[in-house]
Each structure stands twice: as C-alpha cells, then as structure tokens.
Amino acid sequence: MANAVVNTTSPMAGRRLQRDVTRLLASDHRATVDDNMSSLAVLFEGPLGTAYEGGMWTVNISMPKDYPLNPPKVRFITKILHPNIEFNTGLVCMNVFSQAWSPSYDLLNIIETFLPQLLRNPNPNDPLNHHAAQIMKHSEAMFRQNVIACVNMYARPTPMCRLSEAGKQLLEQRSSDLSLSELLSDDDVDKD
C-alpha cells in the first residue's frame, strides 16, 4: 500500500487519507481498500441492543478527491431496512455526511460512531426509505419485527462448516493452491 497512488490532488490530503486508511486497517474492523484508496469496503456489525444486533453488512465508502475537506459517500451494499437508508441503493441519509461534516472526522468515526448512532436512532421524519418510515411511525414494535426479519434474510453471516484442526490450519494458511472443495473435503469436516 505504501506505493499506492492516492486519490487526491493535495499532498497533505493524501497523507491524511493514507493515515486514516491505515488506522482503519489496523483496527479490529475487517476492510478492503482499492489500490488508489478511493473506495473501501468495510464489514459493519449491527450495534448491540438494537434490532440490527447480529447482522453484518458490507458498507462501501467512496473517498472524494478533496477528503477530508468533503465527506466520503457511504452506502450499504448489503440490504438493510432503515428509514434513513435507501433499500435498493444503500445510500445513507445522515446530516454528518452533508452539512455537518468536519475535516476532523475520520474513517473510524464513520464506522465506530456515526453508523452505530444511525442504527440506534432511526429518524422516520427525514426518510430515504418511506416504507420503513411509515412502518416505524405506525408501530415501533412492527418496525423492529420487520428489521429483524430483514437482518435474518440479508445480513446474517452465513454459517460455516465446523472444521477439524487440520481444516482450520489450512484456512489460516490461506493457501491459494487449495480449492474450496479440497478445504471442505470429508476428511476435514467434523462429524457430529
């Protein structure tokens, strides 16, 4: 990544972007970044104590050339039911990504603060998803049930086969020489 061409016109902004991407990659969040750091994909977990708990979403963060002066564009790739997130495109409606953005914010603020706050405090009065807003205004209990159903349908991590120690070691080695069928052969899968 050190030799990557940074998506920016200013050397100072380029260093800031590289610093923020490095901090995100060094955190506990699972993320991938394209070569010029213009697009990131982050695995985002639903906040505890919400209807989104247990869900995992891929969130795309598109970095503008003039970051951090302007905010990144954030959208959910994985479907999510939320009044402030458009269901089909995943676009996020949040004041901090428009009028309230500050250059002091960084990528970790987005993943650790802004998105969890959005899921904890949906606002049905400023919706991108009018259907979700109507459900929430009608009945918060019904909204919660619909969110949980949507999480179960789209955002639950796929269950993996239980692997033996040999299978786990093969996965940890990330051997590119082995196919998926070889990793999950009957010799490597625990039998109940």
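An axis here is a line fitted to C-alpha atoms, and the angle between two axes is taken between their N-to-C directions, from 0 to 180 degrees. With that in hand, we can start at the middle of this predicted model, where helix H2, residues 107-120, lies across strands S2 (39-45), S3 and S4. The helix runs at about 45 degrees to S2.

Let us look at the sheet itself. It is an open sheet of 4 strands in the order S1-S2-S3-S4, with antiparallel pairing. Strand S1 (31-33) and strand S4 (73-76) stand at the edges with a single partner strand each, so one side of each has no neighbour in the sheet. From one strand to the next, the twist averages 20 degrees. Strands of a sheet pair through backbone hydrogen bonds, in either a parallel or an antiparallel way.

Now walk across the sheet, beginning with S1. Antiparallel strands S1 and S2 are joined by 3 bridges, and one pair to look for is Val33 with its bridge partner Leu40 in S2. The hairpin of these two strands has 5 residues between them, and there Met37 takes a positive phi near 60 degrees. The next step leads from S2 to S3, which pair in the antiparallel sense over 7 bridges. Here Phe44 has Trp57 in S3 as its bridge partner, while Glu45 stands opposite Met56 in S3. Finally, S3 (residues 56-62) and S4 pair over 4 bridges, again in the antiparallel sense. Asn60 has Arg75 in S4 as its bridge partner, and Val59 stands opposite Phe76 in S4.

What do the faces of the strands look like? In a regular strand, side chains alternate between the two faces of the sheet. You can follow this in S2, where Leu40, Val42 and Phe44 make up the covered face, and Ser39, Ala41, Leu43 and Glu45 the uncovered one. S3 is mostly covered, with 5 of its 7 residues buried.

This brings us to the interior. In soluble globular proteins, nonpolar side chains tend to be buried together. The largest nonpolar core of this model has 40 residues, and those with the most contacts inside it are Ile61, Phe76, Leu107, Ile110 and Leu115. At least two residues of this core come from each of helix H1 (11-26), S2, S3, S4, H2, H3 and H4. The helix we began with, H2, gives the most, with 8 residues. Ile110 makes a good place to zoom in: leaving aside neighbours within four places in sequence, Ile110 is in contact with Ile61, Pro72, Val74, Phe97, Trp101, Leu115 and Pro116.

One of those contacts, Trp101, deserves a stop of its own. Trp101 is found in the loop between S4 and H2. Buried means under 20% relative accessible area, and Trp101, at 10%, therefore counts as buried. Beyond its neighbours within four places in sequence, Trp101 has contacts that include Tyr67, Pro68, Leu69, Asn70, Pro71 and Pro72, as well as Phe114. Pro68 is 33 residues away along the chain, and the C-alpha atoms of Trp101 and Pro68 are separated by 9.0 Å. A polar atom of the Trp101 side chain lies 2.8 Å from the backbone oxygen of Pro68.

A second loop residue to visit is Thr50, between S2 and S3. Thr50 has 11% relative accessibility and so counts as buried too. The Thr50 side chain reaches the backbone nitrogen of Tyr52 at 3.1 Å. Not counting residues up to four places away in sequence, Thr50 touches Arg120 and Arg144.

Our last stop is helix H3, residues 130-138, where Ala132, Ala133, Ile135 and Met136 are buried. Looking down the axis of H3, these buried residues fall within an arc of 160 degrees, so they line one face of the helix. On the other side, His130, His131, Gln134, Lys137 and His138 are exposed. Helix H4 (140-155) is part of what covers the buried residues of H3. The N-terminal end of H3 is capped by Asn129, with a side-chain oxygen 3.2 Å from the backbone nitrogen of His131.

Conventions:
Residues numbered from 1 in each chain as written. Predicted model: local features only at pLDDT ≥ 70, side-chain atom pairs only at ≥ 80, totals over all residues. Heavy atoms only, no water. Buried < 20%, exposed > 50% of the residue type's maximum accessible area, 1.4 Å probe, protein only. Arc of directions from axis to C-beta. Contact = heavy atoms within 4.5 Å. Polar contact = N/O pair within 3.5 Å; in protein donor to acceptor, adjacent residues only side chain to side chain. Pairing = 2+ DSSP bridges. Core = buried A, V, L, I, M, F, W, Y, C linked by side-chain atoms within 4.5 Å.
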